[in-house]
Amino acid sequence: MYLLEGSPAPDYTTIARFRSIHFAPVSENLLAQFTQMLAENKEISMKNLFIDGTKLEAASNKYTFVWKGSVTKNQKKLMDKLPTFLKQTEENFGFKILYGEEIKMHHLEKLRRKLCKIKNDEDIQFVSGIGKRKSPLQKTFEQLDEYISRLKKYNKHLHLMGDRNSYSKTDPDATFMRMKEDAMKNGQLKPGYNIQFGVDAEYIVWISAGPQPTDTTTLIPFLDSIKSRLKYTYRNIVADSGYESEENYVYLDENGQLAFIKPSNYEISKTRKYKTDISRKENMSYDKENDFYICSSGKKLVATGIKFSKSKTGYRSEKTCYTCEDCTQCPIKSKCIKGNSKKPLEERTKHLEVSKLFQQKREAAITRILSDEGKELRMNRSIQSEGAFGEIKQDMGFRRFLCKGKKNILAECILLGLAHNVNKLHNKIQSERCSTYLHPLKTA
């Protein structure tokens, strides 16, 4: 009202158009400038980065889903029908289509051209309506058009989906995922985005958005985007157990950053059930010099080979396979060997797969988070990163995006982040807390 000075307010479509056309392309640059301004004024530490993510619902309809499993199943059914259809068509109309082992779209287009030529050469008229009999050529032609249309639709779905398992028809960038806000309590999947916040000294210094339903694969792209925009690198990366993976540990080590990431089994490892579970390698003795485990029965599990596995992101990990020397006649075999298998328990042998690199990185991370610095940083992660999401979702009431498309929803998040930062800076000035980066660790 102050800025308009009595002039009529612009229409909401004008504001939305400005946000999409003009603000969205420069939104990341503006956030980087604001973060740099905070750094120059010593308002952020430039040392500790608290990372957390949340899933926000997209603006698209929740019943516009397309599932990769359903599309691939229907595509396979169609591809299984095509060889028989082509063979029958070739016999009926006396021509040959060369297609090798797999029938592709251009083979169907070639078949359509040949049928069109027969129609034109023989001057066959296609009919429609009640009481009119269709010729064999017209029936074949219409069947072929249906197959071509379906195949194009399936290919389009798979192209839009990419590496994801689903997408929304009204917002192709949105992926279906489980939300914390589940009113029906039935685990319903809704279209949404995984939003990542990087917080330093209570300010949101960086934001990213992606289609990943879990946080594990978001850490590296998030840190890469920070590196490309900001002039400094954070030394301490503090995150919860959802970000733990061997790939993330290796990435942070290679970039000279320290991982303060809580292991995914950290809480459960404190329970009595976990500590007394003899099937777990953590509860077995390990001879590091000779590289073997000793189970509760005193039998050795020796290394029998190396197994390599590849993650969705292309990371290649190495696991050492350990097998028990003799599991026969073991009185506690049923407690040690678990899981479903077609083999009867008497014929099964205890087997372990251990990533030594991951074990080493995890142990180093545990040592860090249990130190005085680690305890202080973990406490601040809960306050700062989760507090930032709390302010935006609860105080600002933002729980669903208003626009569609990854670029537009990221711009929307950045607007919220900038508003949060302005509020936070004002509050810090008013409460005389400027240049304070961490909340002190309280002791009993």
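**Strands, a long-range contact and a helix in a three-domain chain**

In the hairpin formed by E5 and E6, 2 residues lie between the strands, and Ala-201 takes a positive phi near 55 degrees. This comes from a predicted model, and the hairpin is a handy place to start looking around it.

The two arms of that hairpin, E5 (residues 189-200) and E6, run antiparallel and are joined by 7 bridges. One pair to look for is Gly-198 with Trp-206, its bridge partner in E6. As for E6 itself (residues 203-210), 8 of its 8 residues are buried, so the strand is largely enclosed by the rest of the structure.

On to E1, which also pairs with E5: 8 bridges join these two strands, again in the antiparallel sense. Here Gly-198 of E5 turns up once more, this time standing opposite Ile-51. Gly-198 thus has Ile-51 across from it and Trp-206 of E6 as a bridge partner. E1 has another pairing, with strand E7 (residues 236-239), and that one is parallel, over 3 bridges. Asn-48 stands opposite Asn-236 of E7. Like E6, E1 is well covered: 9 of the 10 residues in this strand (residues 48-57) are buried, so E1 is largely enclosed by the rest of the structure.

The chain splits into three pieces. Domain 1 is put together from 41-64, 169-278 and 355-443, while domain 2 takes in 66-168 and domain 3 covers 279-354. Measured out in the model's own terms, the centres of domain 2 and domain 3, taken over C-alpha atoms, are separated by 52 Å.

Tyr-249 gives a look at how distant parts of the sequence come together. This residue is found in helix H7 (residues 246-254). With a relative accessible area of 2%, Tyr-249 is buried, because the cut-off for that label is under 20%. Tyr-249 and Leu-357 are 108 residues apart in sequence, yet their C-alpha atoms are 9.5 Å apart in space. Setting aside neighbours within four places in sequence, the contacts of Tyr-249 are Glu-244, Ala-259, Ile-261, Phe-358, Lys-361, Arg-362 and Ala-365.

Next comes helix H5 (residues 136-161). Its 26 residues reach 38 Å from first C-alpha to last, close to the 38 Å expected at 1.5 Å a residue. The buried residues of H5 include Leu-137, Phe-141, Leu-144, Ile-148, Leu-151 and Tyr-154, and among them are also Arg-150 and His-157. An α-helix has 3.6 residues a turn, so residues three or four places apart point the same way. Cover for the buried residues of H5 comes from elements including strand E2 (65-67), helix H3 (68-93), helix H4 (105-121) and strand E3 (166-168). Right after H5 sits Gly-162, with a positive phi near 65 degrees.

That leaves an open sheet of 5 strands, ordered E9-E10-E11-E12-E13, with antiparallel pairing. Its edges are strand E9 (285-287) and strand E13 (351-354), each of which pairs on one side only. From one strand to the next, the twist averages 35 degrees. Within this sheet, strand E10 (residues 292-294) and strand E11 (residues 300-310) run antiparallel and are joined by 3 bridges. Phe-292 stands opposite Val-302 in E11.

Technical notes. Residues numbered from 1 in each chain as written. Predicted model: local features only at pLDDT ≥ 70, side-chain atom pairs only at ≥ 80, totals over all residues. Heavy atoms only, no water. Helix = DSSP H or I, 4+ residues; strand = E, 2+ residues; numbered from the N terminus. Expected span 1.5 Å × (residues − 1). Buried < 20%, exposed > 50% of the residue type's maximum accessible area, 1.4 Å probe, protein only. Contact = heavy atoms within 4.5 Å. Pairing = 2+ DSSP bridges. Domains from an automatic or database assignment. Axes fitted to C-alpha atoms, helices over the stretch in contact; angles between N-to-C directions.
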